[in-house]
Amino acid sequence: MRLRNYFLTGLVIAAPLSITIYITWTFIGWVDAWVKPWIPERYNPDHYLPFTVPGFGLIVAIVVLIVLGATTANLFGRTIISYGELLLDRTPLVRSIYRGLKQIFETVLSQTNQSFKDVGLIEYPRPGLWAVVFIATETKGELSEKAGGDETDLLSVFLPTTPNPTSGFLLFVPRKDVIVLDMTVEEAAKVVISGGLVTPTRDNVAQGTLPGRKSGKKTGDTDPLEPKSAAE
């Protein structure tokens, strides 16, 4: 039994580390295989060193992307990009592929204030069953007016699926029915991906910025530890 426990402990330590190193090394090799053939021989250290330099192609690719981004940031670069996108928009089939890929990369790589910042619990798919949701923002406009009117304050939440949190359902839930959790979005994603096997424990953390019901309390609940007034 002790040897078995030692083996499992070693596996827990070695397996994630080995897989991470393997994936990283494979990615570096894949980028090098694509970039190095385009590098002139005089600038490629593999041609005058007795050994290959892993990661050199990745460094060159990062530098090229930085230069490309800096070039397109000015008026001249934006003009060239606009003409290129106009040409792609007039090309059948290609325009659909380009638009889809551009939207995916803009969504994944954008670092705006529109990303999820809070995690909550809602009763789904029926009362008594709870699901983890990512709180996006307050529901506004026609969605709020037609769904609840002035009487219902709605939150836009994303309900992820397990084990793939990138797919799920967009729900508009009354604020009073959302319990804001203290865990971060990253910690909630681990819970979803692991199927509930990984559950973070946090004692003193800041409360959410879009409060619904706090810490599992329903609206109108009181803390049993709070002193009551003399009238009560």
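## Lys36 and its partner

At 13% relative accessibility, Lys36 falls under the 20% limit and therefore counts as buried. In this predicted model, the side chain of Lys36 meets that of Asp46 in a salt bridge, with 2.6 Å from N to O. Both residues belong to the loop between helix 1 and helix 2, and the pair links distant parts of the chain, 10 residues apart. Asp46 has a relative accessibility of 22% and so counts as partly exposed.

Side chains of opposite charge can pair when their charged atoms come close. The pairing of Asp46 with Lys36 brings together a partly exposed residue and a buried one.

## Further salt bridges

The count of salt bridges comes to 6. One of them is formed by Asp89 and Arg99, whose closest N and O atoms are 3.4 Å apart. This pair also links distant parts of the chain, since Asp89 is in helix 3 (residues 75-89) and Arg99 is in helix 4 (residues 94-109), with their positions 10 residues apart in the numbering. Asp89 counts as partly exposed because its relative accessibility is 27%, and Arg99, at 48%, is likewise partly exposed.

Lys176 and Asp177 form a salt bridge as well, with 3.4 Å between the closest N and O atoms. Lys176 has a relative accessibility of 51%, which means that it counts as exposed. Asp177 is partly exposed, with a relative accessible area of 30%. In addition, Glu138, Asp153 and Arg175 are linked in a network of salt bridges.

## Overall architecture

The protein chain contains 6 helices and 6 strands. Along the sequence, these elements follow the pattern α-α-α-α-β-β-α-β-β-β-α-β. The pattern thus opens with four helices in succession, and a strand closes it.

The chain has 232 residues, and buried residues make up 21% of them. Its accessible surface comes to about 17800 Å², and carbon and sulfur atoms account for 64% of that surface. Where contacts join residues at least 6 apart in sequence, 43% of them are between residues at least 24 apart.

## The second largest pocket

The second largest pocket has a volume of about 280 Å³. Two elements give two or more residues to its lining, namely helix 1 (2-35) and helix 2 (56-72). Helix 1 supplies the largest share of this lining, with 5 residues.

The residues that line the second largest pocket are Phe27, Trp30, Val31, Trp34, Val35, Trp38, Leu58, Ala61, Ile62 and Leu65. By class, the lining consists of 10 nonpolar residues, with no polar and no charged residues. Trp30, Trp34 and Trp38 are among the residues of this lining.

## Cis peptide bonds

A cis peptide bond runs from Tyr124 to Pro125, with omega near 5 degrees. Pro125 is located in the loop between strand 1 (118-123) and strand 2 (130-138).

Another cis peptide bond joins Thr162 and Pro163, where omega is about 5 degrees. Pro163 is located in the loop between strand 3 (154-160) and strand 4 (168-174).

## Individual loop residues

Leu93 is found in the loop between helix 3 and helix 4. Its phi angle is near 70 degrees, a positive value in a residue other than glycine. The relative accessible area of Leu93 is 64%, so this residue is exposed.

Met183 occupies the loop between strand 5 (179-180) and helix 6 (185-193). Met183 is buried because its relative accessible area is 19%, under the limit of 20%. The C-alpha atoms of Met183 and Pro200 are separated by 7.3 Å, and the two residues are 17 residues apart along the chain. These two loop residues, Leu93 and Met183, thus fall into opposite classes: Leu93 is exposed, whereas Met183 is buried.

Key: Residues are numbered from 1 along each chain as its sequence is written. This is a predicted model: local features need pLDDT of at least 70, side-chain atom pairs count only at pLDDT 80 or more; totals for chains, interfaces and linings use all residues. Side-chain values use heavy atoms; hydrogens and water are left out. On a 1 Å grid over the protein atoms alone, a cavity is a set of points where a 1.4 Å probe fits but cannot get out, and a pocket is an open set with protein on both sides within 12 Å along at least five of seven lines; lining residues have an atom within 4 Å of a point. Grid points are joined across faces, edges and corners, and a volume is the space filled by probe spheres set on the points. Ala, Val, Leu, Ile, Met, Phe, Trp, Tyr, Cys and Pro count as nonpolar, Asp, Glu, Lys and Arg as charged, and the others, Gly among them, as polar. A salt bridge is a side-chain nitrogen of Lys or Arg within 4 Å of a carboxyl oxygen of Asp or Glu. Buried means under 20% relative accessible area, exposed over 50%, partly exposed in between (1.4 Å probe, protein chains only). Contact means heavy atoms within 4.5 Å. Accessible areas come from the Shrake-Rupley method with a 1.4 Å probe; for residues, only the protein chains shown count as cover.
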